[in-house]
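Thanks, everyone, for making time this morning. I would like to walk through one model with you, strand by strand at first and then outward, so please have the structure open as I speak.

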Amino acid sequence: MLLSGKARLAGVMGWPVGHSLSPRLHGHWFERYRIDGTYVPLPVRPEDVALAFQALPRLGFLGWNVTVPHKEAAFRLVDEHDPAAARIGAVNTVLVQPDGRLLGLNTDGAGFLAHLRATAPSWTPAAGPVALLGAGGAARGIAVALLEAGVPSLRLTNRTPERAAALAEELARLGRGVELLPWAAREGAFLEGAALLVNATSLGMAGQPPLELSLTVLPRAAVVADIVYVPLETALLRAARRRGHVAVDGLGMLLHQAVPGFSHWGGVVPVVDEALRAAVLAGL
Ligand code: ATR
């Protein structure tokens, strides 16, 4: 669609940003809803992030997404935070308010939950303990969202135990049971009786080592989710499907986390469906 002088402007800020699927995702929605607007990659070096945060609203941008490595800097540079961003300490979506103030959101955890609920409708937070692999930024967002949703307990394990301990300490402040398990227990006590298993590490991603995890002790009714989406069908999800588990892929989280941003700069609450998945997958 050709742009007019009134085109709505948005984008994704990262360094590097060439790998980002967000321009395809938001571009699909702009076209689909025939909105006069565009969403562009914003390759911004770390030393220029503060300057970019000042400039973009003055250039007429309605908002932007923030990706690696700028999510923590974005947290410091916005004027206010939504509750999720405040809890997580990182911002992935910036909305320019009518008065020019910058509101920082973190939609990763809610995106994970929305995709989980859509793909595994029988899962409820009350179903039982969650087993979460990983202690990085992605794990933190997912853990917070699951605890807020009311899961009875969360088990954490991570290759580097100090990182898991630091995350557990942060999560304990939310007042819920967080149980730390040694990485060596990941095929045993970690999985026993769990209702949901989530891989929030980069293991299994193209170019990374595989995630080697025997699911033998995981109850058959458990849901298995992976945040990795390249490849879409990870070895973990394949093994889970073979055992009859509902498998939740990583792409849905990416699609769902984009909804609040587009609702703001597109002015339409967009749908997440097969057409969107196909448009984004074509970019992989
Ligand atoms: P993100 O923000 O995407 O979560 P991150 O902060 O780099 O990225 O976290 C990556 C996660 O994958 C971490 O939990 C990391 O474990 P460590 O804390 O021990 O580094 C995990 N991870 C990456 N490579 C791994 C490997 N080879 N074996 C086990 N865990 C790995």
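Strand β3 (residues 63-66) and strand β5 (residues 93-96) run antiparallel and are joined by three bridges; strands here are DSSP runs of type E with at least two residues, helices are runs of type H or I with at least four residues, and both are numbered from the N terminus. Two strands are said to pair if DSSP finds at least two bridges between them. Within this pair, Asn 65 has Thr 93 in β5 as its bridge partner.

Before going further I should say that this is a predicted model, in which local features need pLDDT of at least 70 and side-chain atom pairs count only at pLDDT 80 or more, while totals for chains, interfaces and linings use all residues. Residues are numbered from 1 along each chain as its sequence is written.

Staying with Thr 93, its bridge partner in β6 is Leu 105, and β5 is joined to β6 by four bridges, again with the strands antiparallel. These two strands form a hairpin with five residues between them, and Gly 100 in the turn has a positive phi of about 90 degrees. Strand β6 (residues 102-105) also pairs with β4, this time in the parallel sense and over two bridges, with His 81 having Gly 104 in β6 as its bridge partner. Taken as a whole, the sheet is open and mixed, with six strands in the order β2-β1-β3-β5-β6-β4. Because β2 (37-43) and β4 (80-81) each have a single partner strand, they stand at the edges, and one side of each is left without a neighbour in the sheet.

Let me turn to the annotated positions. An unreviewed UniProt entry places the feature "binding site" at several residues, among them Ser 20, Ser 22, Asn 92 and Asp 108; UniProt positions are given in the numbering used here, feature names are shortened, and such annotations may be inferred rather than shown by experiment. Ser 20 lies in the loop between β1 (8-14) and α1 (22-32), whereas Ser 22 lies in helix α1. Are these two serines buried or exposed? Ser 20 counts as buried because it has 21 C-beta neighbours inside 10 Å, and Ser 22 is buried with 26 other C-beta atoms within 10 Å. The cut-offs are 20 or more other C-beta atoms within 10 Å for buried, 12 or fewer for exposed, and partly exposed in between, with C-beta atoms placed from the backbone. Leaving aside residues up to four places away in sequence, Ser 20 touches Val 12, Gly 14, Pro 41 and Thr 67, while Ser 22, on the same basis, is in contact with Val 12, Asn 65 and Ala 258; contact means that the C-beta atoms, placed from the backbone, lie within 7 Å.

Asp 108 takes us to helix α5, where the buried residues include Asp 108 itself, Phe 112 and His 115. The elements covering the buried residues of α5 include α4 (83-88), α6 and α9 (251-257).

At the level of the whole protein, there is a division into domain 1 (8-107 + 258-281) and domain 2 (109-252), with bounds that come from an automatic or database domain assignment. The centres of the two domains, taken over C-alpha atoms, are separated by 26 Å. Domain 1 gives nine residues to the contact and domain 2 gives eight residues. On the side of domain 1 that touches domain 2, the elements giving two or more residues are α4 and α11 (274-281), and α4 gives the most, with three residues.

Finally, the core. The largest nonpolar core, meaning a set of buried Ala, Val, Leu, Ile, Met, Phe, Trp, Tyr and Cys residues joined through C-beta atoms within 7 Å, has 82 residues, and those with the most contacts inside it include Val 130, Leu 132 and Ile 142. Helix α6 (residues 137-149) supplies the largest share, eight residues, and the core draws at least three residues from each of domain 1 and domain 2. Not counting neighbours within four places in sequence, Val 130 is in contact with residues including Leu 146, Val 151 and Leu 196.

Terms used
Contact = placed C-beta atoms within 7 Å.
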